[in-house]
Amino acid sequence: CAYFYSCRTGNYGYFLEPSDTLEWFPGVSVVYMRLPGVFIEPREGKFNFGVLDTPAQRFIDKGKQIAIRITCTEHWIPWATPKWVKDKGAKGTQFHIRKGPVPDGPCWEPDYLDPIFLKYLDRMVGKLAERYDGNPNVAFIDIGSFGIWGEGHTGFTKKLNAKESLAVAKKHIDIFRKHFKKTQLVISDDVAGSNAPGPHFPATDYALSQGVSLRDDSILVDVPTEKKKWYHEKMAGLFWEKMPVVLEHEHYGLSKARGAWDGKKLADSVEQYHASYMSIHWWPEQFLEENAEFVGEINKRLGYRLFPAEIKFPTEMEIGEEFPVEFKWANLGVAPCYKGGFPALTIKDNKGGIIAVMVDESLNVKDLPVSAKGSPKYVESKGKFRIGFK
């Protein structure tokens, strides 16, 4: 999962040539756009979806998907939530990223339960859903309307207590679930607390109950130790068997600068979280050049990987007569094939014409067990097929 926008419009894919759709980066199947809401609705009722649709179509034309997060608080521009929302009377807090709430702070954070702000958010999410809900080109939508950078925490600004934070998380989840009925939603683990270990927290338990999956943006933010690499792999254990889990590592250059980067541990995070997506959080050329080995290792395990170990069938068969086919399958990835599907055999003649298409409906690949690294779990199935009519 490669970034096109990372809050700032100039990070990281923004400077790619319009014809550069990352075909050269192995495994990139999703392009992620995280953008402040002010870029979508700079004036009330005047929407600018071209900032999403233009880069999206470049990658969709190449068979890739997109994912989106719209944020409401940033540290690099005064108004992630448009100023006109405050001018209509929405309450909020001026802040400085290093000083916290200060009256003359350069940035503004809304009160996330203010009724005027919630009216804005409800309409914004509704417009997003009209455009993207159920669109097969959209892999997932982040619930990123809460906290700085949309990560679900307010530690740099006006800190909320646990009760307040839970109320915000529930309200924002409800707004997104109201409008997005088909496309997978995800929410940051930080709504439960950024560094509190353990599986169960009220906010993420509520997200799970509403069919909202988990993303963790903390990978290699802190210098890893044997006891502390990340915080919520146990929490992910509640989600990954049912829904895809999303990971994001720290900005690669920043992680390197503080001595936190470890490519082997990046690959290990995919194993421990059973992740379906790993967000590449840096300039893609540099990241691949310096981490090609780990990109290759992750690609072999990320999400699901369906492997037909054996297919046995007769070398000759009579038209209209049943013949047996034996399959031996394994899922070599860390996560299920959530949407499922059935193996199919297509038989062609020597000119490439299709003679027969036959589906093994006895095996849904979503039921294939996830394999531990280096220990595939094989599942065998037997089907009977026929070509043509008797």
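A residue is called exposed here when its relative accessible area is over 50%, and buried when that value is under 20%. With these terms in hand, the reader can follow the predicted model from its overall build down to a single helix.

The protein contains nine helices and 17 strands, and its C-alpha atoms fill a box of roughly 85 × 50 × 40 Å along the principal axes. Because a compact globule of 390 residues would have a radius of gyration near 21 Å, the 23 Å of this protein agrees with that expectation. Of the 390 residues, 52% count as buried, and 75% of the contacts with a separation of 6 or more join residues 24 or more positions apart. The accessible surface comes to about 18,600 Å², of which carbon and sulfur atoms account for 52%, while the mean positions of the 52 positive and 50 negative charges lie 4 Å apart.

Helix 5, which spans residues 202-209, shows how burial is arranged within one element: its buried residues are Ala-203, Thr-204, Tyr-206 and Ala-207. Seen down the helix axis, these residues fall within an arc of 155°, and therefore they line one face of helix 5. The face turned away from this buried side carries the exposed residues Pro-202 and Ser-209.

What do the buried residues of helix 5 pack against? Their partners are two helices, helix 4 (162-179) and helix 6 (233-236), together with strand 9 (185-188) and strand 10 (213-219). Just after helix 5, the chain reaches Gly-211, which takes a positive phi of about 75°.

Notes: Residues are numbered from 1 along each chain as its sequence is written. This is a predicted model: local features need pLDDT of at least 70, side-chain atom pairs count only at pLDDT 80 or more; totals for chains, interfaces and linings use all residues. Side-chain values use heavy atoms; hydrogens and water are left out. Helices (H or I, at least four residues) and strands (E, at least two) are DSSP runs, numbered from the N terminus. The radius of gyration is taken over C-alpha atoms; the globule rule is 2.2 Å times the number of residues to the power 0.38. Buried means under 20% relative accessible area, exposed over 50%, partly exposed in between (1.4 Å probe, protein chains only). Contact means heavy atoms within 4.5 Å. Accessible areas come from the Shrake-Rupley method with a 1.4 Å probe; for residues, only the protein chains shown count as cover. Lys and Arg count as positive and Asp and Glu as negative; His and the chain ends are not counted. The place of a charge is taken as NZ of Lys, CZ of Arg, CG of Asp or CD of Glu. The arc is that of the directions from the helix axis to the C-beta atoms.
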